[in-house]
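Please open the structure in a viewer and keep a selection panel at hand. The tour below proceeds from one selection to the next.

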Amino acid sequence: MAQNELSYRRFQIAATIAPLQGNRGIVTVDVTTSDQARIADLGTARFLHVERWVERNEPAFLQVVVDECKVAIDHYADNVDDS
């Protein structure tokens with residue numbers, strides 16, 4: 001199982017890829033923040049949660065989903081005061 005943790009624009013991204021049958025994988029990404037104004041789910045402190053199956057259980061496929069989450073963060077952050 002591959003894992004990836006990083007900070008991006010005051011958000012913390014935790015991503016994992018787990019094996020599925022046929023060398024496929026399931027990617028789970030949690031994006032959290034300590035900035036209360038940016039939390040979408042106050043009960044979990046999550047800004048974004050994504051689960052997606054991918055064609056291969058490989059770190060490169062994990063990175064594709066992480067990059068998609070970064071695009072969502074950029075779209076959100078560019079529309080609010082990101083000072």
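Begin by selecting Arg-46 and His-49, whose side chains are joined by a polar contact of 2.9 Å. A polar contact here is a pair of N or O atoms within 3.5 Å; within protein, one must be able to donate a hydrogen and the other to accept it, and residues adjacent in sequence count only if both atoms are side-chain atoms. The model is predicted: local features need pLDDT of at least 70 and side-chain atom pairs count only at pLDDT 80 or more, whereas totals for chains, interfaces and linings use all residues. Residues are numbered from 1 along each chain as its sequence is written, and side-chain values use heavy atoms, with hydrogens and water left out.

Remain at Arg-46, which lies in strand E4. Helices (H or I, at least four residues) and strands (E, at least two) are DSSP runs, numbered from the N terminus. Arg-46 counts as partly exposed, at 27% relative accessibility. The terms are set by relative accessible area: buried is under 20%, exposed is over 50%, and partly exposed is in between (1.4 Å probe, protein chains only). Now add Val-31 to the selection: the two residues are 15 apart in sequence, and their C-alpha atoms are 5.9 Å apart in space.

**The whole chain**

Switch to a cartoon view. The chain has one helix and four strands, in the order β-β-β-β-α along the sequence. Of its 83 residues, 27% are buried. The accessible surface comes to about 5,200 Å², and carbon and sulfur atoms account for 50% of that surface. These areas come from the Shrake-Rupley method with a 1.4 Å probe; for residues, only the protein chains shown count as cover. Among contacts (heavy atoms within 4.5 Å) between residues at least 6 apart in sequence, 49% join residues at least 24 apart.

**The first hairpin**

Select strand E1 (residues 2-8) together with E2; the two run antiparallel and are joined by seven bridges. Two strands pair if DSSP finds at least two bridges between them. Within this pairing, Glu-5 stands opposite Ala-14 in E2. The hairpin has two residues between the strands. Arg-9 is located in the loop between E1 and E2 and has a phi near 50°, a positive value in a residue other than glycine. Most residues other than glycine have a negative phi, and most peptide bonds are trans. Arg-9 is partly exposed, with a relative accessible area of 27%.

For another positive phi, move to Asn-23 in the loop between E2 and E3. Its phi is about 65°, although Asn-23 is not a glycine. Asn-23 is partly exposed, with a relative accessible area of 41%.

**From strand E1 to the core**

Next, select Asn-4 in strand E1. Which side chain does Asn-4 join in a polar contact of 3.2 Å? The partner is the side chain of Gln-63. Asn-4 is buried, with a relative accessible area of 18%. Not counting residues up to four places away in sequence, Asn-4 touches Ile-13, Ala-14, Ala-15, Leu-62, Gln-63 and Val-66.

Follow that list to Ile-13. Leaving aside neighbours within four places in sequence, the contacts of Ile-13 include Leu-6, Tyr-8, Val-29, Val-66 and Ile-73.

Now colour the largest nonpolar core, which has 15 residues; Ile-13, Val-27, Val-29, Val-31, Val-65 and Ile-73 touch the most other members. Strands E2 (11-19), E3 (25-32) and E4 (46-54) and helix H1 (59-78) each supply at least two residues of this core, and H1 gives the most, with five. A nonpolar core is a set of buried Ala, Val, Leu, Ile, Met, Phe, Trp, Tyr and Cys residues joined through side-chain atoms within 4.5 Å.

**Aromatic rings**

Display the rings next. The structure holds two aromatic pairs. Phe-11 and Phe-47 form a tilted pair, 4.7 Å centre to centre with 50° between the planes. This pair links strand E2, which holds Phe-11, to strand E4, which holds Phe-47, across 36 residues. Rings of Phe, Tyr and Trp (its six-membered ring) pair if their centres lie within 6.5 Å; planes under 30 degrees apart count as stacked, over 60 as edge-to-face and the rest as tilted. Phe-11 is buried at a relative accessible area of 0%, and Phe-47 is buried at 15%. Add Tyr-76 to the selection: Phe-11, Phe-47 and Tyr-76 form one aromatic cluster.

**Final stop**

Finish at Thr-33, in the loop between E3 and E4. Thr-33 is buried, with a relative accessible area of 6%, and its side chain reaches the backbone oxygen of Arg-10 at 3.0 Å.
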